[in-house]
Amino acid sequence: MSSQLLAGGCAAVRPFGLSLSAAARAALKHQQPCCLWLTGLSGSGKSTLANALEVHLNEQGRHTFVLDGDNLRTGLCNDLGMSDTARKENIRRIGEVARLMVDAGLIVIVSAISPFSVDRATARALFGPGQFFEVYISTPFDVCARRDPKGLYRAALDGRIKAFTGLDSPYEAPLAADCEINTDEVELAAAVEQILAVLFKK
Ligand SMILES: Nc1ncnc2c1ncn2[C@@H]1O[C@H](COP(=O)(O)OS(=O)(=O)O)[C@@H](OP(=O)(O)O)[C@H]1O
Ligand SMILES: Nc1ncnc2c1ncn2[C@@H]1O[C@H](COP(=O)(O)OP(=O)(O)O)[C@@H](O)[C@H]1O
């Protein structure tokens, strides 16, 4: 068996072996693929940060992709609502897609509320050592509600939206994130630097 066949990047086993390894795909891109998983409340700054991170990495010649919860809910996940069960399935799908993209050699940035610890842990388990970084966007509820970029907090507080995260749907904060950013205290550019510093250190 060739070394390319042996050099798999990820933890999960696939029933059918592919002839080209994840390591061979990554080598062509001259990068170490990984998944940066941004979790936090709605309005905490996940999408803004994910986009800034991607632009920054792209300018450095990195091959990237952003998987944004809001965007994926218009296509791949457009059959899912906001119940606990639907959110679990949403995160399962996003994790699987992220893993495939990492196998393809990309640096993947996920921005999704991903409110449940167990689902984030399940996503992490799809990846190999040093391939998954949990970034907790810890901007407090009151700040997110004040920003209210889409008017969702107003709607939720008025009772027009049910099962809203942080209100009548839970958010389980990470206890041991690889990186934590409160965007009420850290400017966007500084937040990008902090996250990339953690990434490149590890
Ligand atoms: N009830 C309720 N609670 C929270 N968010 C809501 C809700 N209804 C709609 N939205 C919009 O859906 C976006 C969250 O989608 P996600 O896929 O990231 O959610 S989850 O990870 O499955 O919990 C979220 O996007 P972000 O604001 O970017 O987080 C909202 O725009
Ligand atoms: N340092 C910061 N980092 C990210 N977003 C910030 C920051 N300061 C203010 N904001 C604002 O907060 C809002 C965050 O919205 P968004 O990125 O869509 O959050 P989320 O994806 O978590 O729902 C935007 O209006 C953004 O301009």
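The mean pLDDT of the protein chain is 93, and 93% of its residues reach 70 or more. Residues 1-8 are an exception to note: over this stretch the pLDDT is below 50. Beyond near neighbours in sequence, residues 1-8 have 9 contacts in the model. The model is predicted. Its scores are ipTM 0.99 and pTM 0.95.

## Overall build

How many helices and strands does the protein chain have? There are 9 helices and 5 strands. Along the sequence they follow the pattern α-α-β-α-β-α-α-β-α-β-α-α-β-α. The pattern opens with two helices and ends with a helix.

Next comes the overall size. The C-alpha trace spans about 60 × 35 × 30 Å along its principal axes. The radius of gyration of the protein chain is 17 Å. A compact globule with 202 residues would have a radius of gyration near 17 Å, so the two values agree.

Contacts tell about the fold as well. Take the contacts in the protein chain with a separation of 6 or more: 75% of them join residues 24 or more positions apart.

## Surface and charge

Of the 202 residues in the protein chain, 46% are buried. The accessible surface comes to about 10400 Å². Carbon and sulfur atoms hold 57% of that surface.

The charged side chains come in two sets. The protein chain has 21 positive and 22 negative side chains. The centres of the two sets lie 5 Å apart.

## Helix α2 and two loop residues

Helix α2 covers residues 22-29. Which of its residues are buried? They are Ala-22, Ala-24 and Ala-26.

His-30 comes just after α2. This residue lies in the loop between α2 and β1, and β1 covers residues 34-40. His-30 has a positive phi although it is not a glycine. Ala-163 also has a positive phi without being a glycine. Ala-163 sits in the loop between α8 (152-157) and β5 (179-181).

| Residue | Phi | Relative accessible area |
|---|---|---|
| His-30 | about 55 degrees | 69% |
| Ala-163 | about 50 degrees | 27% |

Is His-30 buried or exposed? His-30 counts as exposed because its relative accessible area is 69%, and exposed means over 50%. Ala-163, with a relative accessible area of 27%, is partly exposed. That value falls between the cut-offs of 20% for buried and 50% for exposed.

Conventions: Residues are numbered from 1 along each chain as its sequence is written. Chains are lettered from A and ligands numbered from 1 in the order in which they are written. This is a predicted model: local features need pLDDT of at least 70, side-chain atom pairs count only at pLDDT 80 or more; totals for chains, interfaces and linings use all residues. Side-chain values use heavy atoms; hydrogens and water are left out. Helices (H or I, at least four residues) and strands (E, at least two) are DSSP runs, numbered from the N terminus. The radius of gyration is taken over C-alpha atoms; the globule rule is 2.2 Å times the number of residues to the power 0.38. Buried means under 20% relative accessible area, exposed over 50%, partly exposed in between (1.4 Å probe, protein chains only). Contact means heavy atoms within 4.5 Å. Accessible areas come from the Shrake-Rupley method with a 1.4 Å probe; for residues, only the protein chains shown count as cover. Lys and Arg count as positive and Asp and Glu as negative; His and the chain ends are not counted. The place of a charge is taken as NZ of Lys, CZ of Arg, CG of Asp or CD of Glu. pLDDT is the predictor's confidence in each residue, from 0 to 100.
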